[in-house]
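Work through the three exercises below. Each task is followed by a stepwise solution.

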Amino acid sequence: MKFYSRRFIKPEHLNPANSLFGGQLLSWIDEEAAIFAGCQMKSPRNVTKLISEVNFMTPARQGDVIEFGLALVSVGSSSITIACQVRNKVTLAPIVSIDKMVFVHVNEQGEPAPHGIRVNAA
Ligand SMILES: CC(=O)SCCNC(=O)CCNC(=O)[C@H](O)C(C)(C)COP(=O)(O)OP(=O)(O)OC[C@H]1O[C@@H](n2cnc3c(N)ncnc32)[C@H](O)[C@@H]1OP(=O)(O)O
């Protein structure tokens, strides 16, 4: 798995327990994974179809730097499946793990359309 973007955890990202708000993290993950999917498909026109179980493993705190890891798991005709891990950049403590995020390439009408990725192209 390759790690891409990094983010600082700031006060506005915290929940009442003073750790990173889960919804904020999911929003970042969805954006990171959609960009990754677009790079694989060589088209930004894709939508999130499915996110499997999300395992919040350790909390991130204010001042932490976190980084987002993404890997291509499988390739279909219009869809691709991506795995995601988020970890603390310094300690490498795992923050979130998601085994399966499915993105579907769509046409201008929003219908599934072949993305044209070859199986071994990633
Ligand atoms: C980045 C974002 O945040 S996007 C915003 C959030 N996402 C959305 O609003 C998407 C809303 N959903 C949709 O528009 C539609 O469900 C679509 C276009 C994604 C898919 O439409 P469907 O009619 O379900 O498509 P269809 O049944 O033909 O399946 C398309 C592909 O998705 C896959 N797929 C569909 N359902 C699932 C599922 N539950 N799990 C895994 N893969 C699935 C299919 O296997 C197929 O893949 P393939 O072409 O590689 O074989």
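A polar contact here is a pair of N or O atoms within 3.5 Å. The model is predicted.

**Exercise 1. Find polar contacts between the ligand and Asp30, Thr48 and Ser79.**

Step 1. Take Asp30: a side-chain N or O atom lies 2.9 Å from an oxygen atom of the ligand.
Step 2. Take Thr48: a backbone N or O atom is 2.9 Å from a ligand nitrogen.
Step 3. Take Ser79: a polar side-chain atom sits 2.6 Å from an oxygen atom of the ligand.
Step 4. Add the cover: the protein hides 49% of the 1,000 Å² of accessible area that the ligand has on its own.

**Exercise 2. Describe the shell around the ligand: how many residues, and which element gives the most?**

Step 1. Count the shell: 15 residues surround the ligand. Lys49 and Ser77 are among the closest.
Step 2. Assign elements: α1 (22-41), β2 (46-51) and β6 (94-105) each supply at least two residues. β2 gives the most, with 4.
Step 3. Sort by type: 7 are nonpolar, 6 polar and 2 charged.

**Exercise 3. Classify the aromatic pairs and the burial of their members.**

Step 1. Count the pairs: there are 2.
Step 2. Tyr4 and Phe36 are edge-to-face, 5.8 Å centre to centre with 70° between the planes. Tyr4 is in strand β1 and Phe36 in helix α1, 32 residues apart.
Step 3. Check burial against the 20% cut-off. Phe36 has 8% relative accessible area, so Phe36 is buried. Tyr4 has 34%, so Tyr4 is partly exposed.
Step 4. Trp28 and Phe68 are also edge-to-face, at 6.4 Å and 85°. Trp28 belongs to helix α1 and Phe68 to strand β4, 40 residues apart. Both Trp28 and Phe68 are buried.

How values were computed: Residues numbered from 1 in each chain as written. Predicted model: local features only at pLDDT ≥ 70, side-chain atom pairs only at ≥ 80, totals over all residues. Heavy atoms only, no water. Near = heavy atom within 4 Å. Polar contact = N/O pair within 3.5 Å; in protein donor to acceptor, adjacent residues only side chain to side chain. Areas by Shrake-Rupley, 256 points an atom, 1.4 Å probe, with all protein chains shown as cover. Nonpolar A, V, L, I, M, F, W, Y, C, P; charged D, E, K, R; others polar. Phe/Tyr/Trp six-rings, centres within 6.5 Å; stacked < 30°, edge-to-face > 60°. Buried < 20%, exposed > 50% of the residue type's maximum accessible area, 1.4 Å probe, protein only.
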